[in-house]
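Visitor: I am new to this structure. Please take me for a close look at one part of it.

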Amino acid sequence: MSVLISVDNVTKYYGTRKNPIKAVGPVSLNINQGSFTVILGRSGSGKSTLLNLLCGLDKVTSGELVVGSDKLNESNSKKLAKYRSKIGIIFQFYNLLPNLNTVENVMMGSWAGGKSTSYQKAVDLLTKFNLGHRFKADVKTLSGGEKQRVAICRALIGDPEILFCDEPTGALDTSSETQVKDILAELNKSGLTIVMVTHNPEFAGIADNIINMSDGEIIDKQ
Ligand code: ADP
Ligand code: MG
């Protein structure tokens with residue numbers, strides 16, 4: 001398998017120049033094309049910060065971070081935005097827009113990169129994830145599990161090269177959690193590279209790689 005994401009001595013500091021606060025680093029790791037990587041660790045261990053760096057939502061303080069042909073540590077905001085249009089991201093609290101209906105929320109996933117998407121493609125994706133009958137529903141009326149499936153559809157509509165997930169089941173009940181877990185496992189089987197932050201060790205069972213973080217550093221890789 002070929003390396004898709006390469007992280008070399010990356011750090012992320014917050015705070016001020018006089019008073020820097022380390023959130024991550026230095027960390028080094030490689031993630032292969034088509035793999036399923038799970039990042040585990042306690043709250044505050046730097047998981048989200050690392051994921052945000054990999055997603056191009058935040059910039060590294062030092063080190064080298066390369067995804068495919070994109071050298072993120074040398075990218076300006078415009079280049080990072082272009083990079084983000086090639087990936088999908090889902091979050092713990094779904095981040096759906098309450099004033100848009102279900103299918104509009106899914107279509108929104110393609111607007112960021114300036115691409116346009118057919119309504120039918122969004123409906124088809126929702127149907128694939130058993131939400132076809134709710135495509136015009138007000139997202140406020142959906143259950144947590146349904147909202148996360150809408151967020152997954154929104155992440156997939158632009159045919160991403162990688163799906164990044166930050167605690168995607170953190171707010172779900174056990175049966176919705178299992179459903180989302182099965183969806184992610186299936187997507188990975190069909191070739192999608194997945195990088196997921198969780199503190200649910202159950203996900204380790206479906207991962208190819210398990211990264212354990214503590215105090216901003218990687219303390220174990222399997
Ligand atoms: P996790 O996702 O594992 O819970 P985070 O990556 O959110 O951890 O946070 C790692 C550390 O960085 C924490 O100490 C947190 O307080 C700090 N941190 C995260 N984001 C910021 C920020 N925007 N400004 C200052 N400190 C931050
Ligand atoms: Mg977090």
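Guide: We look at the surroundings of the ligand, and then turn to the sheet and a covered helix. Keep in mind that this is a predicted model.

Start with ligand 1. Which residues surround ligand 1? They are Y14, A23, R42, S43, G44, S45, G46, K47, S48 and T49. Helix 1 covers residues 47-54. This helix gives the most to the shell around ligand 1, with 3 residues.

Now look at the polar contacts. Take S45 first. A backbone N or O atom of S45 sits 3.1 Å from an oxygen atom of ligand 1. Next comes S48. Here the side chain takes part: one of its N or O atoms is 2.8 Å from an oxygen atom of ligand 1. T49 also uses its side chain. An N or O atom there lies 2.5 Å from an oxygen atom of ligand 1. How much of ligand 1 does the protein cover? On its own, ligand 1 has 550 Å² of accessible area, and the protein covers 56% of that.

Move on to the sheet. It is open and has 6 strands. Their order is 6-7-8-3-9-10, and the pairing is mixed. Strand 6 (87-91) and strand 10 (217-221) are the edge strands, so named because each pairs on one side only. From one strand to the next, the twist averages 20°.

Stay at the edge with strand 6. Its neighbor is strand 7, residues 162-166. The two run parallel, joined by 5 bridges. In one of these pairings, F91 has D166 of strand 7 as its bridge partner. As a general rule, strands of a sheet pair through backbone hydrogen bonds, in either a parallel or an antiparallel way.

A helix lies across part of this sheet. Helix 6, residues 174-189, lies across strand 3 (36-41), strand 7 and strand 8 (193-197). Against strand 8, helix 6 runs at about 150°.

Last stop: helix 3, residues 102-111. Is it mostly covered or mostly open? Mostly covered: 7 of its 10 residues are buried. They are T102, V103, N105, V106, M107, M108 and S110. What covers these buried residues? The cover includes helix 4 (119-128) and helix 5 (144-156). Look also at the start of helix 3. There, a side-chain oxygen of N101 reaches to within 3.2 Å of the backbone nitrogen of V103. V103 is itself among the buried residues of helix 3.

Methods. Residues are numbered from 1 along each chain as its sequence is written. Chains are lettered from A and ligands numbered from 1 in the order in which they are written. This is a predicted model: local features need pLDDT of at least 70, side-chain atom pairs count only at pLDDT 80 or more; totals for chains, interfaces and linings use all residues. Side-chain values use heavy atoms; hydrogens and water are left out. Buried means under 20% relative accessible area, exposed over 50%, partly exposed in between (1.4 Å probe, protein chains only). Helices (H or I, at least four residues) and strands (E, at least two) are DSSP runs, numbered from the N terminus. Contact means heavy atoms within 4.5 Å. A polar contact is a pair of N or O atoms within 3.5 Å; within protein, one must be able to donate a hydrogen and the other to accept it, and residues adjacent in sequence count only if both atoms are side-chain atoms. Axes are lines fitted to C-alpha atoms, for helices over the stretch in contact, and angles run from 0 to 180 degrees between N-to-C directions. A residue is near a molecule or strand if one of its heavy atoms lies within 4 Å of it. Accessible areas come from the Shrake-Rupley method with a 1.4 Å probe; for residues, only the protein chains shown count as cover.
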